[in-house]
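Please look over the structure shown here before reading the briefing. The notes are grouped by topic.

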Protein chains: 2
Amino acid sequence: MAEHLKNKEKLVTVAIELFSTRGFKGTSIRDIANAMDMSISNIYHYFGNKEGLLLAVLEHASKGLVEKLGEIPQMDLDPLERFKLLIRTHIQLSEFYKKEIKIFFLDEEHLSPEGIKINNQTQTDILQIHLKALNDLKKAGYLQCKSATIAAFNILGIINWQLRWYRTDGSLTLEDVSREIVSFILHGILGSNPPGIESDS
Amino acid sequence: MAEHLKNKEKLVTVAIELFSTRGFKGTSIRDIANAMDMSISNIYHYFGNKEGLLLAVLEHASKGLVEKLGEIPQMDLDPLERFKLLIRTHIQLSEFYKKEIKIFFLDEEHLSPEGIKINNQTQTDILQIHLKALNDLKKAGYLQCKSATIAAFNILGIINWQLRWYRTDGSLTLEDVSREIVSFILHGILGSNPPGIESDS
DNA sequence: TTTTAAATCGAACGATCGATATGTAAATTT
DNA sequence: AAATTTACATATCGATCGTTCGATTTAAAA
């Protein structure tokens, strides 16, 4: 039962695969139809037009990451521990939703108003999650940055960039990278006890 | 004199403008020809095919940033000051070469082997510049990170991400952001004298 | 001045694109 | 079982794509 829904979902999955590797403009409806072993017109039956498919992809892509990430700030933990957990989870989820996230960053430009809306909402949601974590740190007296917003952007930059350079087949495990990134975000490059910085030189 | 070279250069400039806003696949040769008020075939006379134009764009784009950024590590300064200068300069240059950099990150996927080569070389060059600065910091006893490479990637992530979220018409000046980013990179979010971190809890 | 080369154009080519019209088989509802 | 909706296919349309083919004008060299 519900075999048809399966195909619709599979269509979104295949579209994510192709959009993420070839881009939106670089992937034709025919490419997707061939990869699905399905007729072109059937895709139009499901999603109306190519952009409808992209919107379905964007919505599907935003759900998983935002929902799972949104659970972290509600956990009853020490602010600092919760913050560390947020970073580690975000890195793990990014690896899991690699292709989906790529689409968000790949075809930002030629997007319909509705697509832009979904895109902005997703990015805002994620930013707010990190901002809340940072503000909790501030209340607890940890945060030393002037602007929590810039700090949040910096954190997102680090995490999203890791998505570009990290290779699973390399020498570093994702846990190694995750630990190092958490340490970087907490202490920067000078460490928590830098030499000759706080002295009177 | 040399009126023909002018047009060839202008062609690259217009291509950068269009590629950066609509993407490579999203920009047709006709779009560029129309924007230049020039015939289509003339573009082929200059660059052979569409990809030749993209290669010219990539080469033009990589030159400016890498060359100017490469001057910093050779300066005779205190390692820490030189590092700060590198970050600040990189941020300023990123704003200046915004469109060019966008192309490097936009159409990474559907790129020819030669295009990939240029892309990789450029990214490697920039990474090496930052790695050198970090190693100089290490020699001087400043750097506390385990992996200078990951730190370099994190720095690139922060800078390149700033390119996405910073708006010139916002309330923050680029200098404000630059200062805050330098501080973040140096001290992280906990600051140089974080409370209760080094204690025995 | 003649010759050569570079710059430019208009017109067209085959391929591919997104999209549609029209049909049929299968599933669901009544 | 009949009616209706959903899931698919074939064939095709007009538009646009990258590219090419001469032809022409302009600039440089001889």
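What follows covers the interface of two protein chains, the DNA surface, one chain's fold and one loop residue.

This is a predicted model, in which local features need pLDDT of at least 70, side-chain atom pairs count only at pLDDT 80 or more, and totals for chains, interfaces and linings use all residues. Residues are numbered from 1 along each chain as its sequence is written, chains are lettered from A and ligands numbered from 1 in the order in which they are written, and side-chain values use heavy atoms, with hydrogens and water left out.

**Interface of chains A and B**

- In chain B, 52 residues are in contact with 52 residues of chain A, contact meaning heavy atoms within 4.5 Å.
- The two chains, B and A, bury about 4,600 Å² between them, and 66% of that is on carbon and sulfur atoms; buried area is the accessible area (1.4 Å probe) that two parts lose on being put together, summed over both.
- B:Trp161, B:Glu180 and B:Ile189 supply 16% of the area that chain B buries against chain A, more than any other three residues.
- There are 2 salt bridges across the interface of chain B and chain A, where a salt bridge is a side-chain nitrogen of Lys or Arg within 4 Å of a carboxyl oxygen of Asp or Glu.
- A salt bridge joins A:Glu108 to B:Arg164, with the closest N and O atoms 2.9 Å apart.
- Between chain B and chain A, 14 residue pairs are in polar contact, both residues at pLDDT 80 or more. A polar contact is a pair of N or O atoms within 3.5 Å; within protein, one must be able to donate a hydrogen and the other to accept it, and residues adjacent in sequence count only if both atoms are side-chain atoms.
- On the side of chain B that touches chain A, α1 (3-22), α5 (79-96), α6 (98-106), α7 (113-139), α8 (148-165) and α9 (174-187) each supply at least two residues. Helices (H or I, at least four residues) and strands (E, at least two) are DSSP runs, numbered from the N terminus.
- α8(B) gives the largest share of that side, 12 residues.
- The residues on the side of chain B that touches chain A comprise 28 nonpolar, 15 polar and 9 charged. Ala, Val, Leu, Ile, Met, Phe, Trp, Tyr, Cys and Pro count as nonpolar, Asp, Glu, Lys and Arg as charged, and the others, Gly among them, as polar.

**Surface near DNA strand C**

- DNA strand C is surrounded by 17 residues, the closest being A:Tyr44, A:Lys50, B:Ser39, B:Ser41 and B:Tyr46; near means that a heavy atom of the residue lies within 4 Å of the strand.
- Of the strand C atoms that come within 4 Å of the protein, 49% belong to sugar and phosphate.
- A polar backbone atom of B:Ser39 is 2.6 Å from a phosphate oxygen of strand C, and an N or O atom in the side chain of B:Asn7 is 2.9 Å from a phosphate oxygen.
- α3(B) contributes the largest share of this surface, 4 residues.
- The surface near strand C divides into 4 nonpolar, 10 polar and 3 charged residues.

**Fold of chain A**

- Chain A has 9 helices and 0 strands.
- Of its 201 residues, 52% count as buried, that is, under 20% relative accessible area, with exposed over 50% and partly exposed in between (1.4 Å probe, protein chains only).

**B:Asp78**

- B:Asp78 lies in the loop between α4 (50-70) and α5 of chain B.
- B:Asp78 has a relative accessible area of 37%, so this residue is partly exposed.
- The side chain of B:Asp78 reaches the backbone nitrogen of B:Leu80 at 3.1 Å.
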